[in-house]
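User: I'd like to learn how to read buried charges, ring pairs and nonpolar cores in a model. Could you walk me through them?

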Amino acid sequence: MTVLPSAGSVRGSRLIVAGGNFLQFFDWILYSLLAPVFATQFFGGDRLSAAFQAFLVYGGSLLLRPLGGALVGRFADRHGRRRALMIGVGAAGVASLAIAVLPGRSTIGVAAPVLLVLARALAALAFGGEWPTAVTYLMESARPGARLVQGSYFVLTCTAGGFAASALGTLMSAALGPAALQTWGWRVPFAVAGVLSLVLCLLRRGLAETPAYLETEPVELAGSRPGSLRPALAVAALAAAASVTTTTFSIAVPAIAQDRLGASPTVVLGANTLVTGALVVLVLPIGRLAQRSGLQQTLAFTSIGFVVSLPVLYLTIQPTFGGLLLASGVGMLLSTAQGVTLPEAMASVFPARLRGFGVGLSQGVADAVFGGFAPSAALAFAAGGEDGWYVIIVCGLVLLGWGAIAVVLRGAAGRQLDPLPTDVTV
């Protein structure tokens, strides 16, 4: 008879599990902020050309996230959630440390950009499997009445990771000055990220395996029921909607305000910082409120909220502090409420031995394609004066994602998480 881990053995581990999400956003923001600083050390041409190539590496590596989600997720289904969590964050740490010590183009020639590409590819594979495996672990370990609260920790760690990266980059720049930062200082934050990842990997050794994994008999993909494609498509639709709405308000709105409407960088960054800071404080109360309201009700509220508010907020962006505060604030508040529902909604539609793979592949594909290209699509529509079409497309994705996941959650697959012991909590 399988012995389940006690509540005490897993209680308090949610930050260790969700901490990988912190490191993921810490890594993304670090690379985005520091790429213009270190780009000339790895790529030829002028500063603008080198920075473009560095960002091309960043964007291209995101396409590997679905593969990482599938590989790490399948490993989690076969060999356990705890081991997969250790592998994901450990590989990410190796990638960050590699970037921190990579010699430049002047030292090893063309091998420098090649090794940078490989390091970013490893990070993308690792982080592609990190989020779905962490979601699987927390949702399988949480009480049925507390899963939306657990989901709020993913949103909290996302925001906190971005904040920490921005703060560290700003401090390094102010302390070292432009010359030292470009020569060697940019390496320090990547070294910090690498060390934090490896420390988190060691901490995860003490995690207990989830009850759902221990009690479920192995199920091969080939033996899964024919209807298993429908949950995957529903998760992909919901993930696509979440990625597009989040990037629209966090990236596209500030970019349009600055590049097309003439808002100053100080106004844009100030409004974004205030909104993000407020969300760090509000995300856990939002999770508790969502838990009281229920998963389906929260999904309905956020979806309808986006469809009603997006045309007004997006088509009437004002390049002022107050205008950006309103647009980004309302949009990111809805995105936060939507974000706390994603872990439970996605994990609930797959059986335990297909959950890591199903969530990882579905969410990875949607995030890489829709999340990765939404900002550039928004700017392309804006350049042609076709913002209305962009709004229609985004609203259509929101309604599609909500409808698809709502239908699946009402079916038998939506009850896969329910039988967990109610005294086992994270």
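Analyst: Let's start with a charged residue: E140 has a relative accessibility of 1% and counts as buried. Buried means under 20% relative accessible area, exposed over 50% and partly exposed in between, with a 1.4 Å probe and protein chains only. Keep in mind that this is a predicted model, where local features need pLDDT of at least 70, side-chain atom pairs need 80 or more, and totals for chains, interfaces and linings use all residues. Numbering starts from 1 along each chain as its sequence is written, and side-chain values use heavy atoms, without hydrogens and water.

User: Which side chains does E140 meet in salt bridges?

Analyst: A salt bridge here is a Lys or Arg side-chain nitrogen within 4 Å of an Asp or Glu carboxyl oxygen. E140 meets R81 at 2.7 Å, N to O. E140 belongs to helix α7 and R81 to helix α5 (residues 81–101), so this pair ties together parts 59 residues apart in sequence. Helices are DSSP runs of H or I, at least four residues, numbered from the N terminus. E140 also bridges to R355, with the closest N and O atoms 2.5 Å apart. R355 sits in helix α15 (residues 352–383), so the link from helix α7 spans 215 residues of sequence. Both arginines count as buried: R81 at 0% relative accessibility and R355 at 1%. Together with D77, the residues R81, E140 and R355 are linked in a salt-bridge network.

User: How many salt bridges does the rule count, and which side chain does R120 meet?

Analyst: The count comes to five. R120 pairs with D27 at 2.9 Å, N to O. Helix α7 (residues 111–141) holds R120 and helix α2 (residues 14–38) holds D27, so parts 93 residues apart in sequence are tied together. Both R120 and D27 are buried. R120 has another partner: its charged end sits over the ring of Y31, 4.5 Å from the ring centre. The rule asks for NZ of Lys or CZ of Arg within 6 Å of that centre and within 35 degrees of the ring normal.

User: How many aromatic pairs are there, and are the planes of F22 and F26 stacked or edge-to-face?

Analyst: Phe, Tyr and Trp rings (six-membered for Trp) pair if their centres lie within 6.5 Å; planes under 30 degrees apart are stacked, over 60 edge-to-face, the rest tilted. There are eleven pairs. F22 and F26 are stacked, 5.9 Å centre to centre with 15 degrees between the planes. They lie four residues apart in helix α2, about one helical turn. F22 is partly exposed at 23% relative accessibility, whereas F26 is buried at 3%. For contrast, the F42 and W186 planes meet at 75 degrees with centres 5.9 Å apart, so that pair is edge-to-face. F42 and W186 are 144 residues apart, each in a loop. Ring pairs join Y31, F38, F42, W186 and F190 into a cluster.

User: And which residues touch the most other members in the largest nonpolar core?

Analyst: In soluble globular proteins, nonpolar side chains tend to be buried together. A core is a set of buried Ala, Val, Leu, Ile, Met, Phe, Trp, Tyr and Cys residues joined through side-chain atoms within 4.5 Å. Here the largest core has 39 residues, and V17, W131, M346, V349, I405 and L409 touch the most other members. Helix α11 (residues 229–259) supplies its largest share, seven residues. A second, separate core of 30 residues includes V253, A271, Y314 and C395.

Definitions and conventions
Helices (H or I, at least four residues) and strands (E, at least two) are DSSP runs, numbered from the N terminus.
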